[in-house]
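Please examine the sequence and the structure shown below before reading the dialogue.

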Amino acid sequence: MSNKNSYTMSATYPFVRFSLSKNTDSHLYAPEIALILAAGLSYVFWPVDLTGFDTWLLFVIWVFISGSLISLALTNMKYLLLPDRMLKTLIISVSFYVLTAAALASQAQSGSAGDIILTSLAGVLVLGLIPYILFQVSSGRWIGGGDVKLGAILGLLLGWKLALIALAAHLVLTYLIIFIIGVTQYRLPGKLQVIPSGFIWAIVAIGTFVLGNYFI
């Protein structure tokens, strides 16, 4: 893909992609199944009862974010890119989620809007600063600039506590995948040189968001 900034999320977004292209057989229905599973698990493990407009609004925004992460992972696996335009769409939806959660918490007097925003900003430091340091130390060999941006966006979504869990999970999953690839490709002439990190970020972010609160 010559121009990564021209790539739109809708081309690989679950369900939406069917209306844009007939060439969907290469992915089967994996994106749609992944989104349904993410939405189902989120519904089951949602921290509060989905009884009012405010809780359903946050849930719907989160499902959209889940679909965006799946779309981004699909693009990353196919092109080994994390396009800026897709990241911009993601950060807009994540920012909307955080601001909505803060406004609803303040309105319901169930929490401080400032605390929610500060927690999210601290998450940016956890999942944005550490990848940035790795990017600078390795001169882009270990991790790319797209990973730094995506990490910061997910840190904003998760907050610093869940961001720490996500960081640990990302490291474990990355090394596990490297080990599996190393074993399966041993003695093969054409080895995989680049791991699609967007796929790892998507699994970690969705899993941490849905289940992370049970660990803190």
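The following questions and answers concern salt bridges and a nonpolar core.

This is a predicted model, in which local features need pLDDT of at least 70, side-chain atom pairs count only at pLDDT 80 or more, and totals for chains, interfaces and linings use all residues. Residues are numbered from 1 along each chain as its sequence is written, and side-chain values use heavy atoms, with hydrogens and water left out.

Student: How many salt bridges are there?

Tutor: A salt bridge requires a side-chain nitrogen of Lys or Arg within 4 Å of a carboxyl oxygen of Asp or Glu. By this rule, the count is two.

Student: Which parts does the salt bridge of Arg 17 and Glu 32 tie together?

Tutor: The side chains of Arg 17 and Glu 32 meet at 2.8 Å, N to O. Helices are DSSP runs (H or I, at least four residues), numbered from the N terminus. Because Arg 17 lies in the segment before H1 and Glu 32 in helix H1, the pair ties together the segment before H1 and helix H1.

Student: Is Arg 17 buried or exposed?

Tutor: Buried means under 20% relative accessible area, exposed over 50%, and partly exposed in between (1.4 Å probe, protein chains only). Arg 17 has 3% relative accessibility, so Arg 17 counts as buried.

Student: Which element gives the most residues to the largest nonpolar core?

Tutor: A nonpolar core is a set of buried Ala, Val, Leu, Ile, Met, Phe, Trp, Tyr and Cys residues joined through side-chain atoms within 4.5 Å. The largest one has 47 residues. With twelve residues, the element that gives the most to this core is H5.

Technical notes: Helices (H or I, at least four residues) and strands (E, at least two) are DSSP runs, numbered from the N terminus.
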